[in-house]
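Please look through the sequence and the structure shown here before reading the report that goes with them. The headings below can be taken in order.

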Amino acid sequence: MEDQILIDLGNRIRDIRLKKGLTQAELADKCGCNRNYISMLERGERNPSYKSLVMIANGLGLKIQKLVV
């Protein structure tokens, strides 16, 4: 179940990123994190901390609630 939750979160991040026309590297720059970390999140391979989710939401120009719906 946890794996599916992380995959769903990663898919949401990817979908929003692509709709905004951002590459993984561009999102990583906006978030202050590594492109590899974004890639692993999008594949559901990482369980992000609350702080990471806030940084990603900010990088995407969203409130965190849009990521964790």
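The report begins with the confidence of the model, and then turns to the nonpolar core, the salt bridges and the cysteines.

## Confidence in the model

This structure is a predicted model, and the confidence of the predictor is therefore a sensible place to begin, since predicted coordinates should not be read in detail where pLDDT is low. For the protein chain, the average pLDDT is 95, and 97% of the residues reach a score of at least 70. When the elements of the chain are compared by their mean pLDDT, helix α3 has the highest value, at 98, while helix α1 has the lowest, at 94.

## The nonpolar core

The largest nonpolar core is made of 16 residues. Within this core, the members that touch the most other members are Leu9, Ile13, Leu27, Ile38, Ile56, Leu60 and Leu67. Two or more residues come from each of the elements α1 (2-19), α2 (24-31), α3 (35-42) and α4 (50-60), and α4 gives the most, with four residues.

Leu9 can be followed a little further as an example from this group. If its neighbours within four places in sequence are set aside, Leu9 is in contact with Pro48, Leu53 and Leu67, and Leu67 is also listed among the core members that touch the most others.

## The salt bridges

Side chains of opposite charge can pair when their charged atoms come close. In the whole structure, a search finds three salt bridges, and Arg14, Arg17 and Glu42 are linked in a network of such bridges. In one of these pairs, Glu42 is joined to Arg14, with their closest N and O atoms 3.5 Å apart; this pair links distant parts of the chain, for Glu42 lies in helix α3 and Arg14 in helix α1, 28 residues apart. In another, the side chains of Arg17 and Glu42 meet with an N to O distance of 2.6 Å. Because Arg17 belongs to helix α1 and Glu42 to helix α3, this pair ties together parts that are 25 residues apart in sequence.

Which members of this network are buried, and which are partly exposed? Glu42 counts as buried because its relative accessibility is 2%, and Arg17 likewise counts as buried, at 7%, whereas Arg14, at 25%, counts as partly exposed. A further salt bridge is formed where the side chains of Arg43 and Glu45 meet, at 2.8 Å from N to O. Arg43 is partly exposed, with a relative accessible area of 43%, and Glu45 also counts as partly exposed, at 46% relative accessibility.

## The cysteines

How many disulfides are found in this model? The count comes to zero, and the distance between two sulfur atoms helps to explain this result for Cys31 and Cys33. The cysteine sulfur closest to that of Cys31 is in Cys33, and the two are 4.6 Å apart, which is too far for a bond, because a disulfide requires a pair of cysteine sulfur atoms within 2.5 Å. Seen from the other side, the closest cysteine sulfur to that of Cys33 is in Cys31, again at 4.6 Å.

The surroundings of these two residues can be described as well. Cys31 counts as buried, with a relative accessibility of 6%, whereas Cys33 counts as partly exposed, at 25%.

Technical notes:
Residues are numbered from 1 along each chain as its sequence is written. This is a predicted model: local features need pLDDT of at least 70, side-chain atom pairs count only at pLDDT 80 or more; totals for chains, interfaces and linings use all residues. Side-chain values use heavy atoms; hydrogens and water are left out. A nonpolar core is a set of buried Ala, Val, Leu, Ile, Met, Phe, Trp, Tyr and Cys residues joined through side-chain atoms within 4.5 Å. Buried means under 20% relative accessible area, exposed over 50%, partly exposed in between (1.4 Å probe, protein chains only). Contact means heavy atoms within 4.5 Å. pLDDT is the predictor's confidence in each residue, from 0 to 100. A salt bridge is a side-chain nitrogen of Lys or Arg within 4 Å of a carboxyl oxygen of Asp or Glu.
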